[in-house]
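Here is a friendly walk through a structure that you can follow along in the viewer. Please keep the sequence at hand as you read.

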Amino acid sequence: MATLDWTVLAFYLAGIVSFGYWVGRNNRKIDDFFLAGREMPWWAIGLSVMATQISAITFIGTTGQAYGDGMRFLVVYFALPFAMVILCLTLVPFFYRARVFTAYEYLEQRFDLKTRTITSLLFLLQRGMAVGVTLYAPSVVLSTILGLSEPATIMVMGLSTILYVMKGGNRSVIWTDVVQMTIIWIGIFACLFVAIFKLPDNVSFRDALSIAQTAGRFNAVDLDPSLTKPYTLWGGLIGGLFLMLSYFGCDQSQVQRYLSGSSLKQSRLSLLLNAFLKVPMQFIILLTGILVFVFFHFQAPPALFNTVARARFESVRSPEKTQAETRYAEAFELRKKAALDLTATRGTMEADRYLAAQKEFMEARTGVATVYQEATGTTDYNDTNYIFVHYILTQIPHGLLGLIIAVIFAAAMSSLSGEFNSLATASMIDFVRRFRGPGTDARDLFLSRVFTAFWGGFACLIALQAGRLGSAIEVVNKFGSYFYGSILGVFMLAVLTKRANGTGASIGLFAGMAVVGLVATFTRVHFLWWNLVGATTVFVIGYAISLAIPSRIEAS
Amino acid sequence: MPAPVDESDPEVVPVFGTWRLIYASVIIVNLAAMVLVYLFSGFRF
């Protein structure tokens, strides 16, 4: 990182915190703080919804995933536009007309207090832990780029976000998200253009696409009906649909964004903006990763992309290491020649020769990683998140590098801000105001800021301890994935049926989580399908119990 | 019991004019994108 890059990054951080602080300076009531006075335009909410969803790991991890696995990940987003249309027609009008602050508040209006409290509590538990991971994961990568310690990176990101969210609440979240999403879009296009222009002179863009296609990197549509295979078209369309419905329809971090619309129309349009933009955006990010994959055919990539692992490996001296590294260097040259031959002729024989060379290269790379793991006692070495980082650090010109790092910060901070704000809202609205009653505007606003600081601090604490909490965090994340489809089932009962009641919904929710837990533990069904399993179980069991045990109102 | 959903929004939807048209466009554009990606993956560059 050169001085110019640091200047760009510092300018971004100072600018976004100041802007967030300034834009949220006029909050007087909790309506302003949590729902931005319900006066936001659709395009701002739409960009905010998008910014909340895209995290730093989405940006750097997805490009890395495309490098190794191609476009397959795109199928997860194919269901998003359908989910947006369904939400616009079902949940959004209910939320909007109920004039609620949280999605769970609607469940009390429809069912009872018990259902609201349980779902809100589960949201706080799951999202509260997950936000620590949202902060920790990019800090590991960013600390290697910036040369700072992980705690320092965590504190810079966490505290700067807490500062403006505490001051301005949802208004600051949405307007800073607009700026951050704009920076992210600029960054995405800059990376794509750099990836195209960095191709060698004798390799055209079309040649690059030909190499990527031969290597199977464009195989986005897999029609295999298997439930265990990751990212099939059916898993993406059906499982992904339930995932997107749950995330955008039942997760407070998203619901709160579109509840800030000045009308139902504004809220709906914000979701439809995402329906139009999300798939192209993911396509561009994945295409960038694929072009990075092609680029490294002509410039030798390190066998280990993680700089820390590479430094550790340098001190290892063994014949196995020498052998693995020699094989890797030879495999690279072989693949480079095969790729050039393929671009020159595009013949079938050249394609076969290239595929064999690519296979040998991948095996040689795995060979180096295996030697590294054995020599250092490391298990499960995975450097997917470091591939794009290595590329930008070595190939992006100074100044632009600072901007790309600012993009990674923006992606992380835009997710964090929405999550801090939604956690504070659920705590304040579903618990403090629900059980203690509304206070004066000044008291409620003060408490809302205290909750924002609390959840921000909690996220920093989890992130700082993440190394030690490893397995505990994994458990909570797993628990979150059990919860996701199941909570959608509760909302389906609320909106799609007349006879479902709170008892049925609550028992159904726990039954759904238990069934997903069993499926996850005892089968190899891919996680995208868990959402369908959870939602269906809750709906069926919840409805059956509601019929068997009618509510008191219904009985009377 | 859920409140009935009122679809009659008096405001005009920007660019598309009606809600029905914007929903149909989202679905058609997405289906077209899926077909394009499928063709893209099989195209001989």
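## A helical chain and its partner

Let us begin inside chain A: leaving aside residues up to four places away in sequence, Val407(A) touches Phe59(A), Ile183(A), Ile184(A) and Gly187(A), where a contact means C-beta atoms, placed from the backbone, within 7 Å. This is a predicted model, in which local features need pLDDT of at least 70, side-chain atom pairs count only at pLDDT 80 or more, and totals for chains, interfaces and linings use all residues. Residues are numbered from 1 along each chain as its sequence is written, while chains are lettered from A and ligands numbered from 1 in the order in which they are written.

Val407(A) also appears with Met84(A), Leu271(A), Val292(A), Ala406(A) and Ile408(A) among the residues that touch the most other members of the largest nonpolar core, a set of 195 residues. Such a core joins buried Ala, Val, Leu, Ile, Met, Phe, Trp, Tyr and Cys residues through C-beta atoms within 7 Å. A residue is buried if 20 or more other C-beta atoms lie within 10 Å of its own, exposed if 12 or fewer, and partly exposed in between. Helix α19 (residues 400-436) of chain A gives the largest share of this core, 19 residues.

Chain A as a whole has 23 helices and zero strands, taken as DSSP runs (H or I, at least four residues, for helices; E, at least two, for strands) numbered from the N terminus. A few values describe the chain:

| Property of chain A | Value |
|---|---|
| C-alpha span along principal axes | about 80 × 50 × 45 Å |
| Buried share of the 556 residues | 55% |
| Contacts joining residues at least 24 apart, among those at least 6 apart in sequence | 85% |

Now to helix α1 of chain A. Its buried residues are Asp5(A), Val8(A), Leu9(A), Tyr12(A), Ile16(A), Val17(A), Gly20(A) and Val23(A). Viewed down the axis of α1(A), they fall within an arc of 150°, so they line one face of the helix; the arc is that of the directions from the helix axis to the C-beta atoms. These buried residues pack against α10 (150-197) and α19 of chain A. Thr3(A), Thr7(A), Ala10(A), Ala14(A) and Ser18(A), on the other side of α1(A), are exposed.

Finally, how many residues of chain A are in contact with chain B? There are 27, meeting 19 residues of chain B. Of this side of chain A, α14(A) supplies the largest share, six residues.

Terms used:
Contact = placed C-beta atoms within 7 Å.
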